[in-house]
Amino acid sequence: MGSPPMIDGAFARWLAARAGQALVNLRAELGFADAGALKSAGDKVSHDLIRTELAKWRPADAVLSEEDEGSRLAWAAEVNTDAVSRLNADRVWIIDPLDGTREFAEEGRSDWAVHVALWARHAPTPHGLVAGAVGLPAQHRVLGTDYPPAYPPMTLEAATSGGARTIRLAASRSRPPVFLTDLAADVGAHLVPMGSAGAKIAAVVTGEVDAYIHAGGQYEWDSAAPVAVATATGLHASRIDGSALKYNEADPRLPDLLVCRKDLASRLLAALQRHSG
């Protein structure tokens, strides 16, 4: 793919595409007979590639990757260790080298992703994300903040259901929030099971679904890149209580979020107050 572009958004897209192609190649090489081995190899191949390119092309920036040792630990800001250098950095890349390892290791599934996001201390947005890209390698596309998609149209089901609009709500295949079925019934939503968080938020960005709600526990790298793209597209993104999503925190856990069309935000937030407590 040649030398990477220097503008951060384009660089994020380039990096997500490179890692995604490496993962597609790995799938073809290893096959699907040993799912555990494929998952482990995928995490390592993508992480090593992204880390190498960031060290080469963005050496002054800090990195938070899911595959870093100790990445899930909550660090005190005063601890003097390399592991918390990102807390004092002005620019931090937040990476999920392979989002949706379960789907990656299943033949025929395309709902897995590569996440590359950039947080900046002096960003004008509450979440602090200034660039991002979501690679969907098995779907042969990358969604990025350098060329954000147009605001998504309503899904066909929602647009043709008249006054009783049916919302299509992306839901986890394996770990949907326990309240989600009741919430869906409350707002007249149809649940659409999907794999990785990146694939689900990408589906909101492209208009395949209208919203994604998660409350089962996540980390910053699960949502940073998709949220960067979603908000660049003009969609609503927040915690399920309506508060702002924040990144590069001492504790990388970011357990819940709502990403949806702006015209649905108040309705879904009100329903979340009724059902998520």
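**Exercise 1. Find how the axes of helix H7 (residues 197-206) and H8 are arranged in this predicted model.**

Solution.
- Start with the axes. Those of H7 and H8 come within 9 Å. They cross at roughly 5°.
- Apply the cut-off: angles under 35 degrees count as roughly parallel. H7 is therefore roughly parallel to H8.
- Next, the residues that meet. H7 supplies Ala197, Gly198, Ile201 and Val205. H8 supplies Asp222, Pro226, Val229, Ala230 and Thr233.
- Sort this contact by class. It has six nonpolar, two polar and one charged residues.

**Exercise 2. Place Gln218 and decide: is Gln218 buried or exposed?**

Solution.
- Locate the residue. Gln218 sits in the loop between strand S8 (211-214) and helix H8 (220-233).
- Check its accessibility. The relative accessible area of Gln218 is 7%. Buried means under 20%, so Gln218 is buried.
- List its neighbors, leaving out residues up to four places away in sequence. Gln218 touches Ala197, Tyr212, Ser223, Arg253, Leu254, Pro255 and Leu257.
- Look for a polar partner. The side chains of Gln218 and Tyr212 make a polar contact (3.2 Å).

**Exercise 3. Compare the reach of helix H9 (residues 262-275) with the expected value, then trace what its buried residues pack against.**

Solution.
- H9 has 14 residues. From first C-alpha to last, H9 reaches 20 Å, close to the 20 Å expected at 1.5 Å a residue.
- Pick out the buried positions in H9: Leu264, Ala265, Leu268, Leu269, Ala271 and Leu272.
- Recall helix geometry. An α-helix has 3.6 residues a turn, so residues three or four places apart point the same way.
- Now the partners. The buried residues of H9 pack against strands S6 (167-172), S8, S9 (236-238) and S10 (257-260), and against helix H6 (180-187).

Methods. Residues are numbered from 1 along each chain as its sequence is written. This is a predicted model: local features need pLDDT of at least 70, side-chain atom pairs count only at pLDDT 80 or more; totals for chains, interfaces and linings use all residues. Side-chain values use heavy atoms; hydrogens and water are left out. Helices (H or I, at least four residues) and strands (E, at least two) are DSSP runs, numbered from the N terminus. Buried means under 20% relative accessible area, exposed over 50%, partly exposed in between (1.4 Å probe, protein chains only). A polar contact is a pair of N or O atoms within 3.5 Å; within protein, one must be able to donate a hydrogen and the other to accept it, and residues adjacent in sequence count only if both atoms are side-chain atoms. Contact means heavy atoms within 4.5 Å. The expected span of a helix is 1.5 Å times one less than its number of residues. Axes are lines fitted to C-alpha atoms, for helices over the stretch in contact, and angles run from 0 to 180 degrees between N-to-C directions. Angles under 35 degrees count as roughly parallel, over 145 as roughly antiparallel, 65 to 115 as roughly perpendicular and the rest as oblique. Ala, Val, Leu, Ile, Met, Phe, Trp, Tyr, Cys and Pro count as nonpolar, Asp, Glu, Lys and Arg as charged, and the others, Gly among them, as polar.
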